[in-house]
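Reader: Got a minute to go through this one with me? Put it up and I'll start asking.
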Amino acid sequence: MSKTAKRINIQGIVDGQRKSTQKLLQEVYDYLKQDYTEFDIHASGQHDIGGPLWSEKNLPLKFNVTNPGQRVGCMGMKGTQIVVEGSAPADAGWLNAGAEIIIKGDCGDTAAHCAASGKIYVGGRVGTRSGALMKHDPKFPAPEFWTLKNTGSFSFEFIGGGIAVVCGWECENSDSVLGLRSCVGMVGGTIYVRGNIKNISDEVFILELDENDKEFLSDGLKDFLEKIDKPQLYKKLSEFGKWKKILAKTFEEREAKSFVPMKDFRQNFWVKNGIFGDLIEEDYYVAEFVEKGDLRLKYPEWRNAFYSPPCEYNCPIYIPTQKRIALLREGKIAEALSLVLDYSPFPASVCGQVCPNLCVDECSRKHVDIPVKTAALGLLSKDIKVKPPEKEIKKKIAIIGAGVAGLTAAWHLRKAGYQVYVFEQDKVIGGKLKQVIPHDRLDGKILELELKRIENIGVNFKTGVKIDKKLFKTLEEDYVAIITTVGAHLPVVIPFEGHERLIKGLDFLKAVNAGQKPKIGNKVVVIGAGNAAIDVITGAYKLGAKEVTAIDIQKPSAFDKEIKHAQKLGAKILWPCFTEKISEKGVHLKDGRIISADTVIISVGDRSDVSFLGSEYLDDKGIVKVNEYFQAEANHKIFCAGDVLNLGLFANAIGDGRKVAINVDKMLSGKKLDKFEKTPMIPQDRIKKEYYSPIHPQNVMAMDTEGETERCLSCGVCRDCEFCMEICPEFAISRVSHDDGTFEYVSDSQKCIGCGICAGVCPCGIWTMISTS
């Protein structure tokens, strides 16, 4: 505060009579009009001292307060400082909008409630529901709420943003420095905690601090302790091994997705056009005359590839399986097997083995017999050789992480001619595909072939390199673009009592895959029932477990074939089960049951370590902020793909890696970046399945992969059958060949009568009748 600031002393009790809050606040308003900016207020429980106030001359305001009532600093504005000598009652800092509030003693209930900006420092403990409903508008600095000791129960309910720090000083014997049922409904923000935590919401994760967290606390603690007159505590409180970070789970991590089966939808929901609405597409308009040219009511268009086939639409990599099969049908074997490498460097390892093949979920062939065998198609490409690029581009691109996302981006950029350098923390490349997937699901020899194919085109690998902030800054200076594809290798642990007894699923799988034999008991419980958890079950049985039980809070998210495999081994999968605590007896559920266990392994998700990025790159959940082009909002030469953005399938990571590579090339070429919007999937009623005879599934499985050329329905892509040309009653349709080997079918408007027979017989749904009205 300036030496020239006008200062006034205001008493809450005069001549033995307590002033009303209204009268005391009115005095403050009057003195503000006289340009007083510093107030010494000796209150007697008057409330709402310190806000919302501002100087007409935009001067900073300071309030030195003793014995305040409720809501001190309520709606405090930027430029206001409030210092309370001693303690304060409930609602201190309620709806704080930018003020700095320093309370040198304890604080009552609901401190920092709904705070939206500014800083609140409390030199003692705070009461129940403190920090609830804190929020952050990105246009303004995030609110900060610092507490030296502990909070009461129900703290940080429904917090949506901001930063809270609970130091736990002199609370070493407390069961929980956050009280009971903390963080219920938390959807955003970051909470740093030192001390014991118990009975916290299931909707959050407790994580170890990364370097960005330590840097924030190191700087912030100094300022906080100075403000509350306790700088001598810094050495003890800066032992960051005793701190944890609490983040909210994302919507995807806390919600199970449920889809209505197509059969149920059709029977119970879809009534369009009555009971025959799914058989024909017609507006029932009756023409009076048969006409040609512009007088037709409708005319046909050859809309080849206008729609996406179900396989391509559902594939995260957008692999055009129907084009591969069309090339095989034409006898262009080498071209067909090489086509997939324009999309993925792992057709045999991922598409052929570990992928659940989302492409076949809606395969039109399943309405005839069983879907096309896309996995077998992927395996056909394992031995395809690719030459290094003929044209070299001298620009250097750095990729952080040699998992499938990073390797895919490296593959596409190197094929384009760029000088690509991949930095990997581990000694080998391949990420989780190499380190985690069990050998009975992935042939290691095939994976090595595909990894070697990437190396052979000239991608440079630097293994055993951990990226820190210093090295990242060097990369920014030396490379024209950086792609961050750090895999999720930090297992998430849910903070229930006894969680220190847990074995982390990711660490377990890595050890098993490396040929080690982690020690486990006869009875194993796996917390989680996703695909990774199923791999843990398989590994446990391999190591000699006699009884394995997986539990989850929702319907297991693992794919059906994975669940059936686990059950065939003898595993039990139970849900919904809510874990209360872990003890030497096993897993205690909230309904009172105990599942006996010698070993408990948790497999509920993992996170990426992006501590080499500055805080300006991250949102309040520690996830990199990117735009629709996969660029970091903080620096558009930085791109992100894979687990660092969203946990998903290997196919999702490959798809992201390809998209990022395309956009990096576009950026460096001065072209507009791509949002990769899909064309709509072809409606099933456009495909004429009546042309195809069903084959018994056993016979299908016995067929050679090449036999799929006759089974594929070529949805939305012309298979050049000439049906339309042969059946047109007016001979209006002709086939036109082009010099580049492509073709098209055209309709002569002067012959066509708009009868629609071409659209009616087209097996692939290409011809479309367009209304002239």
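Reader: What sign does phi take at Gly-331, just after helix 7?
Author: Positive, at about 85°. Bear in mind that this is a predicted model.
Reader: OK, and how confident is the prediction, what's the mean pLDDT of the chain?
Author: The mean is 91, and 95% of the residues reach 70 or more.
Reader: Where is confidence lowest, and where is it highest?
Author: The low point is helix 5 (residues 262–268), with a mean of 58. Strand 9 (residues 144–147) is at the other end, at 98.
Reader: Back to helix 7. How many of its residues are buried?
Author: Seven of the nine in residues 321–329, so helix 7 is largely enclosed by the rest of the structure.
Reader: Which ones?
Author: Thr-321, Gln-322, Arg-324, Ile-325, Ala-326, Leu-327 and Leu-328.
Reader: And what do those buried residues pack against?
Author: Four helices: helix 6 (310–314), helix 8 (333–339), helix 10 (374–379) and helix 20 (708–711).
Reader: Switching to helix pairs. At what angle do helix 11 and helix 18 pack?
Author: About 35°, and their axes are 7 Å apart. Helix 11 covers residues 404–415, while helix 18 covers 650–668. Their crossing is right-handed.
Reader: Which residues meet there?
Author: From helix 11 you have Val-404, Ala-405, Thr-408, Ala-409, His-412 and Leu-413. On the helix 18 side, the partners include Phe-650, Ala-653, Gly-657, Ala-661 and Asp-665. The contact as a whole divides into nine nonpolar, three polar and two charged residues.
Reader: Now helix 15 and helix 16, at what angle do they cross?
Author: Roughly 50°, with the axes coming within 10 Å. That makes helix 15 oblique to helix 16, because the angle falls outside the ranges for roughly parallel, antiparallel or perpendicular.
Reader: Left-handed or right-handed?
Author: Left-handed.
Reader: What meets what between those two?
Author: Gly-505, Phe-508 and Leu-509 of helix 15 meet Ala-532, Asp-535, Val-536, Gly-539 and Ala-540 of helix 16. By type, that contact has five nonpolar residues, two polar and one charged.
Reader: Last one: Ser-44, where does that sit?
Author: In the loop between strand 4 (36–42) and strand 5 (61–66).
Reader: Buried or exposed?
Author: Buried, because its relative accessible area is 18% and the cut-off is under 20%.
Reader: What does Ser-44 touch, leaving out residues up to four places away in sequence?
Author: Gly-12, Ile-13, Arg-18 and Asn-67.

Terms used:
Residues numbered from 1 in each chain as written. Predicted model: local features only at pLDDT ≥ 70, side-chain atom pairs only at ≥ 80, totals over all residues. Heavy atoms only, no water. Axes fitted to C-alpha atoms, helices over the stretch in contact; angles between N-to-C directions. Parallel < 35°, antiparallel > 145°, perpendicular 65-115°, else oblique. Left-handed = near helix turned anticlockwise from the far one by under 90°. Contact = heavy atoms within 4.5 Å. Nonpolar A, V, L, I, M, F, W, Y, C, P; charged D, E, K, R; others polar. pLDDT = per-residue confidence, 0-100. Buried < 20%, exposed > 50% of the residue type's maximum accessible area, 1.4 Å probe, protein only.
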